[in-house]
Amino acid sequence: MGHAGVAEPPSWWTRGRDRVWLPYAQMKTAAPPLPVAATRGSRIVLADGRELVDGVASWWTACHGYNHPHIRMAAARQLETMPHVMLGGLLHEPAARLATRLAALLPGDLGRVFFSDSGSVAVEVAMKMAVQFWINSGVRGRTKFVAFRGGYHGDTTATMAVCDPDDGMHRLFKGLLPEHLITDLPRDEATTAALDRLLGERAEEIAGILVEPLVQGAGGMLFHDAAVLARLRELADTHGTLLIFDEVFTGFGRTGAMFACAPAGQGGAGVVPDIVTLGKALSGGTLPLAATVASERVFQAFWSDDPMAALMHGPTFMGNPLACAAANASLDLFEREPRLDQVKAIEAQMADQLALCRDLPDIVDVRVRGAIGVVELDSIDIPALKARFVEEGVYVRPFGKIVYLTPAFTIGEDDLSRLTGAIVNVLGSR
């Protein structure tokens, strides 16, 4: 790790730190944010010259590492010709190419792509799409969603309402948020029967079932298996409702398959939803971009001579050409470079090295899936752990009761060992 010693923070940081309202931070008591001067590969370069190995890939987005030359050059070329044009009555080549490629990659007939600029908005669009699907089909009153404990779907108003209402971060907003049906995932006979009853009793109110497939991310990195998703598909079909997969976190290789909904032969769950949401790694962590992709059945409910049957939604920067160019370049890298093989190698290395945490006190669980490594504890002192990780030369951001890793797929073995070693050292010295 390069280290220039303790230095005065840069002037931009001194002037701006009290003006930028930071996310998920109690501004009065939180440690000051680290001043970042540059990024490269799996490293965050601080203004004083220190380099931190990034263990979270900027909230799981930088799947190819930072500053990948292919993505950077694609964005630079696009910047020269058309940085932005709206999609209202217009269409440009980067968006058309990206939609076509996503449709080809996704299973089943998921092929109608609606772009937005954040994962939360992509989920809001999916919810709005599902409700309007029923309205356009001549069915009124289906405005509620079934979602699951431990789930997280975003911070906007509609998505807060389908997050875990008790353990999630949005419980303060009870009273503002519409009430949906939050229950347990169907992991066994009892929870499957309970969900079956709920769907049967409330079928006329339910627009769709919303789930993060295989991994519930920001709710605690909670894993479930493909059988859970197969049960959800069967129950959705039995009770005549839509199934929505929120793959904002799981999409683009994070679980070991290109998508969690990919065929079983490709490492996925082999379960096809009616709507899927994508984001985060879609542009390789370069520019804001998300997508809500619907099946042909869903889209056909909007195909009408009635103008009011159209999906009345349109984020200003949806399908931004720069972001779409970056996303196309990211897909190029998945085609040209062995990303999913790299994920398998990361999975194996993390499983081996994080296993040392099992012998530490207060450890509840150690679990790994794809490029996701999790150590769950009885309780943790989050501010103290964050500071210790920086001292170890890594950027790891615990939350709840977990310390987790979601590194870039291109991370080297040595850097990954730095991350896992730091977790073992820090948790072992508490």
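**Exercise 1. Find the residues annotated as "binding site" and place D246 and T316 in the model.**

The UniProt annotation "binding site", from an unreviewed entry, covers G119, S120, D246, P315 and T316. UniProt positions follow the numbering used here, feature names are shortened, and annotations may be inferred rather than shown by experiment. The model is predicted: local features need pLDDT of at least 70, side-chain atom pairs count only at pLDDT 80 or more, and totals for chains, interfaces and linings use all residues. Residues are numbered from 1 along each chain as its sequence is written, and side-chain values use heavy atoms, with hydrogens and water left out.

Step 1. D246 lies in strand β10, residues 242–246 (strands are DSSP runs of E, at least two residues; helices are runs of H or I, at least four; both are numbered from the N terminus).

Step 2. D246 is buried because its relative accessibility is 5% (buried means under 20% relative accessible area, exposed over 50%, partly exposed in between, with a 1.4 Å probe and protein chains only).

Step 3. T316 lies in the loop between α9 (296–300) and α10 (321–336). At 58% relative accessibility, T316 counts as exposed.

**Exercise 2. Locate W60 and D362 and state the phi of each.**

Step 1. Most residues other than glycine have a negative phi.

Step 2. W60, not a glycine, has a positive phi of about 75 degrees. W60 is in helix α2, residues 57–60, and is buried at 8% relative accessibility.

Step 3. D362, also not a glycine, has a positive phi of about 70 degrees. D362 sits in the loop between α11 (339–354) and β13 (363–369) and is partly exposed, at 43% relative accessible area.
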